[in-house]
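Please consider the model below from a single residue outward to a sheet, a helix and the core between them.

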Amino acid sequence: LDTQESVTFEEYFAPMDRWFEVAAYPDENGLSVYFRDVTERKDHERQLEESRRRLRTIVDHFPNGAIALVDKDLRYITFGGTTVEQEASAYDELEGCHVRESVPSELADRVVTHYRNALDGEVSSFEATVGTRTYEFRTLPVRDRDGDDVLAAIGMSQDVTEQRIRQRELEQRIRQQEAVADLSQHALGHADIDTLLSDAAARVASTLGTDYCRVLELDSSAR
């Protein structure tokens, strides 16, 4: 009334155990005051802040990757990790930024889609290669205490390049061992050496990824 300026504020009303958003508008006849119950929103904000604090304790020690808490506008609430490519200070600068601003352009649509799925209550994951590195991405929803509403989404990415290389090498060795065992069994039933060698060349080419014609040339020279 003194300044004739409108004002909006939030206040907790203990007798009702409720939070209200109060808007007051002065005019020549007095003051109009409007109240809106924002208790549910305030509760969600408190829970989200609790989630942010809990997540912060593990973010800085997340192994070989990054972890983020994202709000419903797809903006980072907190972000961190232990990747060698990104400094901790750079992570801090991402807080408040949109998800699209932090991921490679070729992954932006995919990452945004998975975050939106998490905000819809879904858990999802995918794997993608960026440059020479392979990353595993996973997103999941953060729900309120009752489990009814989704407050935010968590996104995790880990560099799994070495694991995938070891996995491929192991699978290759298994295929080679199976091929050798199969050829040994196959040889017992073939009296025709030419047929056996031709079959062996084809199997070696398939297992080792070697050009079939080249294998046949080596095969012929060996004979």
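A residue is called buried when its relative accessible area is under 20%. The model discussed here is a predicted one. By that cut-off V22 is buried, because its relative accessible area is 7%. V22 belongs to strand β2, which spans residues 18–27. Beyond the residues up to four places away in sequence, V22 touches V7, T8, F9, V33, Y34 and F35. R36 is 14 residues from V22 in sequence, yet the two C-alpha atoms are 6.6 Å apart in space.

The discussion now turns to another part of the chain. An open sheet of five strands is arranged there in the order β5-β4-β8-β7-β6, with antiparallel pairing. Strands β5 and β6 stand at its edges; each has a single partner strand, so one side of each lacks a neighbour in the sheet. On average, neighbouring strands of this sheet are turned by 15 degrees against each other, direction ignored.

Individual pairings give the sheet its detail. Six bridges connect β4 with β8 in the antiparallel sense, and V70 stands opposite A153 in β8. Between β6 and β7, which also run antiparallel, there are seven bridges, and A128 stands opposite Y135 in β7. These two strands, β6 and β7, form a hairpin with two residues between them, and G131 in the turn has a positive phi of about 65 degrees.

What lies across the strands of this sheet? Helix α3 does so, over β4, β5, β6, β7 and β8, and α3 runs at about 165 degrees to β6. The two faces of β6 can be told apart: S124, F126, A128 and V130 form the covered face, whereas S125, E127 and T129 form the uncovered one.

The largest nonpolar core comprises 23 residues, and V70, L74, Y76, V99, L107, V111 and Y115 are those with the most contacts inside it. Two or more residues of this core come from each of β4 (65–70), β5 (76–81), α3 (105–119), β6 (124–130), β7 (133–143) and β8 (150–159). The largest share, seven residues, is given by α3.

Y115 illustrates how distant parts of the sequence meet. Leaving aside neighbours within four places in sequence, Y115 is in contact with A68, V70, L74, Y76, V99, T139, A153, I154 and G155. Apart from the largest core lies another, of nine residues, including L55, L69, I77 and I154.

Technical notes. Residues are numbered from 1 along each chain as its sequence is written. This is a predicted model: local features need pLDDT of at least 70, side-chain atom pairs count only at pLDDT 80 or more; totals for chains, interfaces and linings use all residues. Side-chain values use heavy atoms; hydrogens and water are left out. A nonpolar core is a set of buried Ala, Val, Leu, Ile, Met, Phe, Trp, Tyr and Cys residues joined through side-chain atoms within 4.5 Å. Buried means under 20% relative accessible area, exposed over 50%, partly exposed in between (1.4 Å probe, protein chains only). Helices (H or I, at least four residues) and strands (E, at least two) are DSSP runs, numbered from the N terminus. Contact means heavy atoms within 4.5 Å. Two strands pair if DSSP finds at least two bridges between them. Axes are lines fitted to C-alpha atoms, for helices over the stretch in contact, and angles run from 0 to 180 degrees between N-to-C directions.
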